[in-house]
Amino acid sequence: MKSTLDESQPIFHQIAMMIMDDIVEGRLRVEEQVPSTNELSRFYNINPATARKGLQELVDKGIIYKQRGVGMFVAKGAREALLVERKRHFYEEYIKPLLEEGRRIRMDEDMIIDLIRGKKDKESEV
């Protein structure tokens with residue numbers, strides 16, 4: 001996890017995002033224990049309720065699960081579910097608008113793919 005939080009979004013959401021990043025990137029694996037509410041609150045100097053809210057967001061999504069009296073752990077299938085969700089988000093936020101703009105300026109998909117690959121076409125005037 002990163003060592004600092006910022007004002008760009010709610011702290012609890014940043015906590016959840018950092019844990020999800022760690023799962024996607026393989027730093028946290030299936031059945032591995034995630035940092036506790038107290039560990040997060042001490043490390044980031046935040047209210048334990050804020051840390052708990054971030055962890056609860058992940059429990060609600062099925063990314064982590066609670067084991068009473070022991071802690072919270074990465075759920076089976078969490079990484080795969082996160083990858084599916086992030087790919088969907090990537091498509092909706094980046095690819096779809098890119099293709100729509102390309103169509104507006106009369107670029108076909110091959111031209112767009114060539115640009116992504118770093119190939120410039122004399123006809124495209126890019």
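A polar contact is a pair of N or O atoms within 3.5 Å. The exercises below apply this and other criteria to a predicted model.

**Exercise 1. Describe the setting of Gln 14 and decide whether its side chain makes a polar contact with the backbone of Gln 9.**

Step 1. Gln 14 is located in helix H1.

Step 2. Its relative accessible area is 2%. Buried means under 20%, so Gln 14 is buried.

Step 3. The side chain of Gln 14 comes to 2.7 Å from the backbone oxygen of Gln 9. The cut-off is 3.5 Å, so this pair is a polar contact.

Step 4. Gln 14 is also among the residues touched by Leu 5. Leu 5 belongs to the segment before H1 and is partly exposed, with a relative accessible area of 23%. Beyond four places in sequence, the other residues that Leu 5 touches are Ile 11, Ile 15, Met 18, Tyr 44 and Ile 46.

**Exercise 2. Compare the span of helix H3 with the expected one, and find how its buried residues are arranged around the axis.**

Step 1. H3 covers residues 48–60, which is 13 residues. From first C-alpha to last, H3 reaches 18 Å, close to the 18 Å expected at 1.5 Å a residue.

Step 2. The buried residues in H3 are Ala 51, Gly 54, Leu 55, Glu 57 and Leu 58.

Step 3. Viewed down the axis of H3, these buried residues fall within an arc of 145 degrees, so they line one face of the helix.

Step 4. The cover over the buried residues of H3 includes helices H1 (11–24) and H2 (37–44), together with strands E1 (64–67) and E2 (71–74).

Step 5. One residue of H2 illustrates this cover. Ser 41 lies in H2 and is buried at a relative accessible area of 8%. Ser 41 touches Ala 51, as well as Ile 46, Asn 47 and Pro 48, when residues up to four places away in sequence are not counted. The C-alpha atoms of Ser 41 and Ala 51 are separated by 6.0 Å, at 10 residues apart along the chain.

**Exercise 3. Find which side-chain oxygens reach backbone nitrogens at the starts of H3 and H5, and which residues with positive phi follow these helices.**

Step 1. At the start of H3, a side-chain oxygen of Asn 47 reaches to within 2.7 Å of the backbone nitrogen of Ala 49.

Step 2. At the start of helix H5 (residues 109–116), the corresponding atoms are a side-chain oxygen of Asp 108 and the backbone nitrogen of Asp 110, within 3.1 Å.

Step 3. After H3 comes Gly 62, with a positive phi near 80 degrees. After H5 comes Gly 118, with a positive phi near 90 degrees.

**Exercise 4. Classify the packing of H1 against H4 and list the residues that meet.**

Step 1. Two packed helices are described by the angle between their axes and the distance between the axes.

Step 2. H1 and helix H4 (residues 78–104) pack at an angle of about 105 degrees, and their axes are 9 Å apart. Angles of 65 to 115 degrees count as roughly perpendicular, so H1 is roughly perpendicular to H4.

Step 3. From H1, the residues at this junction are Met 17, Met 20, Asp 21, Ile 23 and Val 24. From H4, they are Ala 78, Arg 79, Leu 82, Leu 83 and Arg 86.

Step 4. Take Arg 79, a residue of H4. Leaving aside neighbours within four places in sequence, Arg 79 is in contact with Ile 23 and Val 24. Arg 79 is partly exposed, with a relative accessible area of 37%.

**Exercise 5. Examine the positive phi values of Glu 31 and Asn 45, and state whether each residue is buried, partly exposed or exposed.**

Step 1. Most residues other than glycine have a negative phi.

Step 2. Glu 31, in the loop between H1 and H2, has a positive phi near 70 degrees. Its relative accessible area is 37%, and Glu 31 is partly exposed.

Step 3. Asn 45, in the loop between H2 and H3, has a positive phi near 55 degrees. At 72% relative accessibility, Asn 45 is above the 50% cut-off and therefore exposed.

Key. Residues are numbered from 1 along each chain as its sequence is written. Side-chain values use heavy atoms; hydrogens and water are left out. Helices (H or I, at least four residues) and strands (E, at least two) are DSSP runs, numbered from the N terminus. The expected span of a helix is 1.5 Å times one less than its number of residues. Buried means under 20% relative accessible area, exposed over 50%, partly exposed in between (1.4 Å probe, protein chains only). The arc is that of the directions from the helix axis to the C-beta atoms. Contact means heavy atoms within 4.5 Å. A polar contact is a pair of N or O atoms within 3.5 Å; within protein, one must be able to donate a hydrogen and the other to accept it, and residues adjacent in sequence count only if both atoms are side-chain atoms. Axes are lines fitted to C-alpha atoms, for helices over the stretch in contact, and angles run from 0 to 180 degrees between N-to-C directions. Angles under 35 degrees count as roughly parallel, over 145 as roughly antiparallel, 65 to 115 as roughly perpendicular and the rest as oblique.
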